[in-house]
Each structure stands twice: as C-alpha cells, then as structure tokens.
Amino acid sequence: MAEGAGEEKKKFSIWDLPDVPMGQLLPHLELQRSRVSCNKDAPIHTESIQYSGAYASMGINNSSRLDRFSNNFRVEVVRLNEDDMEFDMIGIDAAIANSFRRILIAELPTMAIEKVFIANNTSIIQDEVLAHRLGLVPIHVDPRLFYYLSENDQPNEKNTIVFKLHVQCKRGSPRITVKSDALKWLPNGSELVKETRNAASDSSSKPETYTYFSCSQETIPEFVKNLIIPKYPDIIIAKLGPGREIELEAHAVKGIGKTHAKWSPVATAWYRMLPEVVLLEDIEDDLAEELKSKCPVNVFDIEDLGKGEEQL
C-alpha cells in the first residue's frame, strides 16, 4: 500500500493563487482601471475598463453601479453662448461620452421646414432642390413649445409653423439674391387655398387652406416678443434673373436628427479625452531639466527640494 494513501487529499481551488494579491490590484492595473481626476472634495474616478469580471480572480468587483455613477459623474460648463457650448464630463468612460455626442446629433428635437407648397417657380433651381435648401435653413424658435405632427394629426398652431416666400425680379432689373430673410412668418397659418372638385360648394364659406389654426400664433405669450424667424438672415436660397419669380409656402414641423439631418440641432459635436500625465518614478537633476525643456507647451515644472536637489 502506498504511503499516505489513507490520508485525506487536500482540496485545491483554481482561484487560490498565492502569487496574486487578493482584494487589491497591482499599481499599474489600478492606474489602468481608474484614472483619478483631482477634486477639492473627493477624487473622481473615470473607469476605462467596464468588463465586470476583469479582476474576478483578485476578488475585485468591477461592475458598473448606478449609485457610484451618480456620485462620481459631474459636468462643468467651460463656455456657453448662443451658438457654442463647451463642457467637461468628469467621472465617465469614453463610450458614455460618445453616447452623449450621438444623442446631441440624432435625438434632440428642432423645428425645420418639411413641406413646401410651390405656387410659382421660374428660377433656374428645380422645385425639389429649392425645397431641400429651405429645409436646411435653421429656425429661431424653441421646439419645446410645439408638438410632433403625426400622420393622423392636422396641421395647427401647436405643431406647424408657416412661412411665405414671394420674390420677383422685374424685367430690366439686375439679378437679385434671395436670402433667408425673405421667409415671412404667417402666424395665422396657410394662405394657399386648396383646390376643390365640388364646384357647387357654398361660396359664402371660408376657403379651405392647408392648415387648421384655431387661433393666431401671435396670441401665444412666448411669441409676443420673440417672433419666429430664420436663425440667420443671410443664407442664400436662390438667385433670380430678370423676369424670374418664386412664390411658395413652407411648413415647418418638429423632428429629430436621426429622421433627417435638417432636424439635427448641431453642425458638429465632438469630444476628446482629457490628457493625463503620470510619472511612475521621480525625475531629478539633469533629467528633470531635460524633460522640462523638451515639453513644447510647458506642462512640467521643477520643484526645489532643497540641498541642491531638483525634482520634477
């Protein structure tokens, strides 16, 4: 009988790794897992590794938690004006920052011209090209004041904005440039009369137009002082030669960028990672001077430690 055959065998788990520190990561792994951004109150961790089981063998839970995200995430607005906004998002992964960028481009609603009723167009621009150019004209209005227009809804003062454009270049006159300031807001709705097949209709009744406004949009308090106009008055729409004319009605509705780019509220939305320099060891004396001189933007500075020693 072999020696020790009667002894009970010791149980061994694959997770029992004596060379791996349990409950803590090695310094270089901790730096990779969480990049610390200084804060006067508490450090803010920005995780770069999202896989929850990445460090399971070391007994560390790396799963995402809503409460930790809520406590660590913050937004600092750097610059804000009527056309631009720059802000820092601290405490999130790059993938989530990219999600914010995609939301800004594709999912924030705006108002844009969707339907164009052309009564007369003798310019050199085709009707469909003219309608496309009108759709890209940004409109200065708060989209939160309007509802979405579905297929079953009728255009009314709560979901539609109507503009009129009627420009004519008289014969013998020089060419004229039609710009976006030629779009005139019609607060009472459409003025184009629908064609009816019933010739025996009551002539005393109000002619039917392409919108059904129950009241004028000028009576809405938000529009009393802030008239609805194109955001930029100098956008070139067309150029007319002598004897040419454009007469049309443009209806703007609410939409989002993933339906069509004309509803995208931003021309460019981008993000970049906040640069972080981590020195893994002290750099002193001549090496510190050399490193400082090689940095083109003067990021580094030398700290005097006394006794003739210099450290970066």
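Buried means under 20% relative accessible area. Both Phe-146 and Phe-223 are buried in this sense. The model is predicted. The protein has 312 residues, and 28% of them count as buried. Its secondary structure comes to 6 helices and 14 strands.

**Overall**

- The protein exposes about 22,100 Å². Carbon and sulfur atoms supply 52% of that area.
- Take the contacts in the protein with a separation of 6 or more: 68% of them join residues 24 or more positions apart.

**Aromatic pairs**

- Rings pair if their centres lie within 6.5 Å. By this rule the protein has 4 aromatic pairs.
- One of them is Phe-73 with Phe-100, a stacked pair. The centres are 6.1 Å apart, and the planes differ by 15°.
- Phe-73 sits in the loop between α2 (66–72) and β3, while Phe-100 sits in helix α3 (residues 94–106), so this pair ties together parts 27 residues apart in sequence.
- Phe-100 is partly exposed because its relative accessible area is 33%, which falls between the 20% and 50% cut-offs.
- Phe-146 and Phe-223 also form a stacked pair. Here the distance is 5.7 Å centre to centre, with 20° between the planes.
- This second pair links distant parts of the chain, 77 residues apart. Phe-146 lies in the loop between β6 (139–140) and β7 (161–168). Phe-223 belongs to helix α5 (residues 222–225).
- Trp-185 joins Phe-146 and Phe-223 in one aromatic cluster.

**Ser-180**

- Ser-180 is placed in the loop between β8 (176–179) and β9 (184–185).
- Ser-180 counts as buried because its relative accessibility is 0%, against a limit of under 20%.
- A polar atom of the Ser-180 side chain lies 3.2 Å from the backbone oxygen of Pro-233.
- Pro-233 is also among the contacts of Ser-180 beyond four places in sequence. The others are Val-137, Pro-230, Tyr-232, Asp-234, Ile-235 and Ile-237.

**Ser-190**

- Ser-190 is found in the loop between β9 and α5.
- A relative accessibility of 8% is why Ser-190 counts as buried, again with under 20% as the limit.
- The side chains of Ser-190 and Glu-249 make a polar contact at 2.6 Å.
- Setting aside neighbours within four places in sequence, Ser-190 touches Glu-249 along with Val-162, Thr-209, Tyr-210, Thr-211 and His-251.

**Nonpolar surface patch**

- Val-75, Val-77, Leu-80 and Met-85 make a nonpolar surface patch of about 380 Å².
- Strand β3 (residues 74–80) gives the largest share of this patch, with 3 residues.
- Val-75 lies in strand β3. Val-75 is partly exposed because its relative accessible area is 43%. Patch residues need over 30% relative accessible area, so Val-75 clears that cut-off.

Conventions
Residues numbered from 1 in each chain as written. Predicted model: local features only at pLDDT ≥ 70, side-chain atom pairs only at ≥ 80, totals over all residues. Heavy atoms only, no water. Helix = DSSP H or I, 4+ residues; strand = E, 2+ residues; numbered from the N terminus. Buried < 20%, exposed > 50% of the residue type's maximum accessible area, 1.4 Å probe, protein only. Polar contact = N/O pair within 3.5 Å; in protein donor to acceptor, adjacent residues only side chain to side chain. Contact = heavy atoms within 4.5 Å. Patch = residues over 30% accessible without salt bridge, like charges linked within 9 Å, V, L, I, M, F, W, Y side chains within 5 Å. Areas by Shrake-Rupley, 256 points an atom, 1.4 Å probe, with all protein chains shown as cover. Salt bridge = Lys/Arg side-chain N within 4 Å of Asp/Glu carboxyl O. Phe/Tyr/Trp six-rings, centres within 6.5 Å; stacked < 30°, edge-to-face > 60°.
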